[in-house]
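Please look over the sequence and the 3D structure before reading the notes. The points that follow are grouped by topic.

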Amino acid sequence: MAALRREAGADAGDKGVVPVGAGEVPEDIKMATYTHGQHSLSLGDANFRRSMVIEIIEKKIEYLRKEKTLNIYGTIMIGTTASFSGLLANFIFRHCFRVNHDALKTYASLTTLPFLSAVVAYKLLVTDALCSGNISQENCALRSSLVSIVCGVLYPTALAFSKNGRLAVKYHTVPLPPKGRVLLYWVMLCQTEVKGMLIPLAFQTAFGIYNGIQHYAIFESMLEKTVHED
């Protein structure tokens with residue numbers, strides 16, 4: 001009987017005692033849960049950072065697109081006005097030298113060459129300087145006006161004088177100059193007609209200053225807007 005009581009008490013004790021730590025989660029399960037949550041947070045951070053980077057890149061692309069459009073617009077305007085000055089200069093000197101030959105050739109060259117020279121000069125002296133940030137508003141207006149005057153008036157005038165003067169000598173449309181006074185003879189021959197180039201000179205000067213100031217103002221506003229957005 002005593003042995004039976006001892007066995008019954010042992011069974012009751014085994015059923016009533018709760019093991020230490022039975023209500024706690026095992027360590028391996030806790031580590032697995034923590035690790036899974038850490039991976040979830042890292043994935044969320046990566047997605048957030050990726051979205052931020054994509055947004056910044058899109059803003060930069062939009063800024064560069066606007067900047068490119070602005071640069072092309074200002075450069076094309078300078079080149080177009082230079083082309084019109086070349087057409088006017090060619091018309092004046094062909095009339096002055098009484099040249100009727102090679103009209104298409106001279107008009108094509110007097111339209112294309114001033115346009116290309118103005119585009120290249122404006123990009124190198126104005127657009128690249130604006131992009132580098134080493135230029136003031138006054139300097140930008142001065143450079144733009146110099147490009148307009150040189151490439152839009154002086155260069156087309158000299159080019160039209162040279163081409164049509166050679167045609168006049170080739171086809172004998174005007175008397176040949178005496179020896180020793182060639183340049184003076186040509187200047188005296190066309191001095192009245194050359195005064196018509198004062199009109200594009202005044203226009204190119206005013207337009208160059210306006211275009212330089214406008215280009216600088218728009219560029220600065222776009223730059224400040226982009227910086228604030230970033």
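Helices here are DSSP runs of type H or I with at least four residues, numbered from the N terminus. The model is predicted. The briefing covers two buried polar residues, the nonpolar cores and a salt bridge.

**Asn90**

- Asn90 belongs to helix H2, which covers residues 27–97.
- Asn90 counts as buried because its relative accessibility is 0%, and the cut-off for buried is under 20%.
- The side chains of Asn90 and Asn164 make a polar contact at 3.0 Å.
- Once neighbours within four places in sequence are left aside, Asn90 is in contact with Thr106, Tyr107, Leu110, Ala160 and Asn164.

**Nonpolar cores**

- In soluble globular proteins, nonpolar side chains tend to be buried together.
- The largest nonpolar core has 16 residues, and Phe97 and Ala168 touch the most other members.
- At least two residues of this core come from each of H2, helix H4 (137–171) and helix H5 (182–194).
- Another core, of 15 residues, lies apart from the largest one; Ala82, Ala121, Val126 and Cys151 are among its residues.
- Phe97 has contacts beyond its neighbours within four places in sequence, and these are with Phe161, Asn164, Gly165, Ala168, Thr173, Val174, Trp186, Leu189 and Cys190.
- Asn164 is in contact with Phe97 and also with Asn90.

**Gln204**

- Gln204 sits in helix H6, residues 198–229.
- Gln204 has a relative accessible area of 1%, so this residue is buried.
- A polar atom of the Gln204 side chain lies 3.0 Å from the backbone oxygen of Thr81.
- Leaving out neighbours within four places in sequence, Gln204 is in contact with Thr81, Ala82, Ser85, Ser148, Gly152 and Val153.
- One of these contacts, Ala82, is also a member of the 15-residue core.

**Salt bridge**

- Side chains of opposite charge can pair when their charged atoms come close.
- How many salt bridges does a search of the whole structure find? The search finds one.
- Lys123 and Asp128 form a salt bridge, with their closest N and O atoms 3.2 Å apart.
- Lys123 counts as partly exposed because its relative accessibility is 43%.
- Asp128 also counts as partly exposed, because its relative accessibility is 31%.
- Partly exposed covers the range between the cut-offs for buried, under 20%, and exposed, over 50%.

How values were computed:
Residues are numbered from 1 along each chain as its sequence is written. This is a predicted model: local features need pLDDT of at least 70, side-chain atom pairs count only at pLDDT 80 or more; totals for chains, interfaces and linings use all residues. Side-chain values use heavy atoms; hydrogens and water are left out. Buried means under 20% relative accessible area, exposed over 50%, partly exposed in between (1.4 Å probe, protein chains only). A polar contact is a pair of N or O atoms within 3.5 Å; within protein, one must be able to donate a hydrogen and the other to accept it, and residues adjacent in sequence count only if both atoms are side-chain atoms. Contact means heavy atoms within 4.5 Å. A nonpolar core is a set of buried Ala, Val, Leu, Ile, Met, Phe, Trp, Tyr and Cys residues joined through side-chain atoms within 4.5 Å. A salt bridge is a side-chain nitrogen of Lys or Arg within 4 Å of a carboxyl oxygen of Asp or Glu.
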